[in-house]
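Me: Got a minute to look at a structure with me? I'd like to go through it piece by piece.

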Amino acid sequence: MHTVWVRLNAVVFFSLSVLLTLALLASFTSHPSILGDNGNPSSPLSPSIKTLKLNSLRSLRPHGSVDRALFSLDISADFNPAFHWNVKQLFVFICAEFSTPSNPLNQVVLWDKIIEAKDVDKVIDEKNSIIKYSLISQGTDLRGVEVELKMYWDTMPITSTMSMGVGDVVGKFTLPNDYVSKAEKGKVDDKVKRRKRKD
């Protein structure tokens, strides 16, 4: 005759086996071949990124022993197609990628946002949005560097494995060859405006 503990052990492990089976079935049902394109035929279950570009450079200056750039971005993306019943939230971030003599590939996160399934508005539409984190190099080598902006997102499902995606829209710009502070930029802008008025 089985004791209470043996019977409890059998019930618990049977329940865990059932839960595992249901979790596997749930992850299979969130595959693109079953869900369809989810409103984005060109890239199923991915957001529709329309704009990712530099709006204006605020400053580029030395900060201690490193270079630091501060600027604003224009961002426009619809994340509704990336959501389905098995997505809990998305962690979205914009990364700047550039090369320097000391490192062939540098990646710096500039901006991030969490979009949850319960959010009514899953569209990002920001103009002249100042980056959350400065673009910082490991040395004083940001001047004249070509920078690529890429949008990444981590998909955090209710059940299944996490996955990462990257957008196909890339923003490119080149930093100036000289340091520019916010005050200096204001003076340059004023000079440009005066020249336009004279013309």
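Reply: Sure, let's go through the overall layout, the aromatic rings, the core and a few single residues.

Me: First off, how far can I trust this one?

Reply: It's a predicted model. The mean pLDDT of the protein is 85, with 84% of the residues at 70 or more.

Me: Which element has the lowest mean pLDDT, and which the highest?

Reply: Helix α3 (residues 182-198) is the lowest, with a mean of 51. Strand β4 (residues 106-116) is the highest, at 96.

Me: And what do I do with the low part?

Reply: Where pLDDT is low, don't read the predicted coordinates in detail.

Me: OK. How many helices and strands are in the protein?

Reply: 3 helices and 9 strands. Along the sequence the pattern is α-α-β-β-β-β-β-β-β-β-β-α.

Me: What share of the residues counts as buried?

Reply: Of the 199 residues, 36% are buried. As for contacts with a separation of 6 or more, 67% come from residues 24 or more positions apart.

Me: Let's talk rings. How many aromatic pairs does the structure hold?

Reply: There are 4 aromatic pairs. One of them is Phe79 with Trp153: the ring centres are 6.4 Å apart and the planes sit at 85 degrees, so the pair is edge-to-face.

Me: Where do those two residues lie?

Reply: Phe79 is in the loop between β2 (66-78) and β3 (87-98), while Trp153 is in strand β7 (residues 146-157). The pair therefore ties together parts that are 74 residues apart in sequence.

Me: Are Phe79 and Trp153 buried or exposed?

Reply: Phe79 is buried, at 0% relative accessibility. Trp153 is buried as well, with a relative accessible area of 6%.

Me: How about Phe91 and Phe93, what kind of pair do they form?

Reply: A tilted one, 5.6 Å centre to centre with 35 degrees between the planes. Phe91 is partly exposed because its relative accessible area is 24%, whereas Phe93, at 11%, is buried. The cut-off for buried is under 20%. Phe91 and Phe93 also form one aromatic cluster with Tyr152.

Me: Which ring does Lys122 lie over?

Reply: Lys122 lies over the face of Phe83, at 5.2 Å from the ring centre.

Me: Switching to the core. Which residues touch the most other members of the largest nonpolar core?

Reply: That core has 33 residues, and Phe71, Phe79, Leu135, Val147, Leu149, Met151 and Leu175 touch the most other members. So Phe79, from the edge-to-face pair, turns up here too.

Me: Which elements give two or more residues to this core?

Reply: β1 (48-63), β2, β3, β4 and β7. The most comes from β3, with 6 residues.

Me: Is there a general reason for nonpolar residues to gather like that?

Reply: In soluble globular proteins, nonpolar side chains tend to be buried together.

Me: Pick one of those core residues. What is Leu135 in contact with?

Reply: Leaving aside neighbours within four places in sequence, the contacts of Leu135 include Phe71, Val147 and Leu175. Asp67 and Arg68 are also among them, as are Ala96, Phe98, Val108 and Leu110.

Me: On to the strands. How do β7 and β9 pair?

Reply: In the antiparallel sense, over 4 bridges. One spot to look at is Glu146, whose bridge partner in β9 is Thr174.

Me: Which residues are on the covered face of strand β9?

Reply: Gly171 and Phe173 are on the covered face, and Lys172 and Thr174 are on the uncovered one.

Me: Why the back-and-forth along the chain?

Reply: In a regular strand the side chains alternate between the two faces of the sheet.

Me: Now Thr51. How far apart in space are Thr51 and Ile75?

Reply: 5.3 Å, C-alpha to C-alpha, with their positions 24 residues apart in sequence. Thr51 is in strand β1, and beyond its neighbours within four places in sequence it is in contact with Asp74, Ile75 and Ser76.

Me: And Ser76, buried or exposed?

Reply: Ser76 is buried, at 14% relative accessibility. Ser76 lies in strand β2, and its contacts outside the four-place window include Thr51, Ile124 and Asp125.

Me: Last one: what is the phi of Asn128?

Reply: Asn128 has a positive phi of about 55 degrees, although it is not a glycine. Asn128 is in strand β5 (residues 123-130) and is partly exposed, at 35% relative accessibility.

Definitions and conventions: Residues are numbered from 1 along each chain as its sequence is written. This is a predicted model: local features need pLDDT of at least 70, side-chain atom pairs count only at pLDDT 80 or more; totals for chains, interfaces and linings use all residues. Side-chain values use heavy atoms; hydrogens and water are left out. pLDDT is the predictor's confidence in each residue, from 0 to 100. Rings of Phe, Tyr and Trp (its six-membered ring) pair if their centres lie within 6.5 Å; planes under 30 degrees apart count as stacked, over 60 as edge-to-face and the rest as tilted. Buried means under 20% relative accessible area, exposed over 50%, partly exposed in between (1.4 Å probe, protein chains only). A charge sits over a ring if NZ of Lys or CZ of Arg is within 6 Å of the ring centre and within 35 degrees of the ring normal. Two strands pair if DSSP finds at least two bridges between them. A nonpolar core is a set of buried Ala, Val, Leu, Ile, Met, Phe, Trp, Tyr and Cys residues joined through side-chain atoms within 4.5 Å. Contact means heavy atoms within 4.5 Å.
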